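Reader: I'd love a close look at one part of this model, namely a single strand and its surroundings. Could you walk me through it, and then turn to the salt bridges?

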Amino acid sequence: MSLTTDLTGVFDFHTHTFFSDGALSPMEQARRAVVAGYSVLGLTDHVGVGGVASLIETLKFDRDIIEAHWPIRVVIGVELTHVPAESIARAAKEARESGAEIVIVHGETPVEPVPQGTNSAAIDCGLVDVLAHPGMLAVEQAELAARHGVYIEITARRGHSLTNGHVARVCQSAGAPMIVNSDAHEPSDLLSREFQERVALGAGIPPALVAEMLAENPRSLWDRAQKRR
């Protein structure tokens, strides 16, 4: 039987384990997140199309143990990474059918050669929940994200965060929902609530909107993911 979880701590839907390029096992990632004050942890390793079902099955086995003994909730998902833009809809559909509770797409960050058209394909397909570190997001893309309910990530990840200010401005003008994630690969990448606030404020987001981003938006995304468990 799972322990009671206080859902007032950190919500972070985007982290990586040693099943892709993270440093930790899912179990250790969760343990360190508990100690760091997390309420909700997303395990969203990098994937393409192949092997998604087996990864999600493995993560769900660990999740059962984690939630039975520690006061944290775990969301199992994927980050579609460097997938051809033309295949993002197919990859997202495969992930959903394989049991992913959240689908993130690795957006057009300025520090990696992400295929052009990735941002638009992720937002257009109707199967993606979060567009991570989207780089020079266009106003039209942010407007479509607002209509489709796609969350745009304000990231704490070094390098990817170079365009946070631009992303925040565009999303605010378009009314697109934003969320602060760690994109954690190492234990030191895990967030505190205070650091989440600094990331958002540093991107130029007004304090009143920061409160919404760290409370209402994560709870809404959490509710969406729970319907897929």
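Author: Happy to; the strand comes first and the salt bridges follow. This is a predicted model, where local features need pLDDT of at least 70, side-chain atom pairs count only at pLDDT 80 or more, and totals for chains, interfaces and linings use all residues. Residues are numbered from 1 along each chain as its sequence is written, and side-chain values use heavy atoms, with hydrogens and water left out.

Let's start with strand 6, residues 151-155. Helices (H or I, at least four residues) and strands (E, at least two) are DSSP runs, numbered from the N terminus. Buried means under 20% relative accessible area, exposed over 50%, and partly exposed in between (1.4 Å probe, protein chains only). Five of the five residues of strand 6 are buried, so the rest of the structure largely encloses this strand. Y151, E153 and T155 point one way, while I152 and I154 point the other way. In a regular strand, side chains alternate between the two faces of the sheet.

Now for the neighbours. Two strands pair if DSSP finds at least two bridges between them. Strand 5 (residues 130-132) runs parallel to strand 6, joined to it by two bridges, and V130 stands opposite Y151. From strand 5 the chain passes through helix 5 (residues 139-148) to strand 6 in a right-handed β-α-β crossover. Right-handed here means that, with the strands pointing away from the viewer, the path from the first strand over the helix to the second runs clockwise. Strand 7 (residues 178-181) also pairs with strand 6 in the parallel sense, over four bridges, and M178 is the bridge partner of I152. Strand 6, helix 6 (residues 164-174) and strand 7 form a right-handed β-α-β unit.

On to the salt bridges: a side-chain nitrogen of Lys or Arg within 4 Å of a carboxyl oxygen of Asp or Glu counts as one. The whole structure holds eight of them. One of these joins D129 and R224 at 3.0 Å, N to O. D129 sits in the loop between helix 4 (118-124) and strand 5, and R224 in helix 8, so the pair ties together parts that are 95 residues apart in sequence. D129 is buried at 1% relative accessible area, whereas R224 is partly exposed at 23%. D129, R224 and R228 are linked in a network of salt bridges.

Another salt bridge brings together the side chains of E67 and R229 (3.0 Å, N to O). E67 belongs to helix 2 (residues 52-69) and R229 to the segment after helix 8 (207-226), 162 residues apart.
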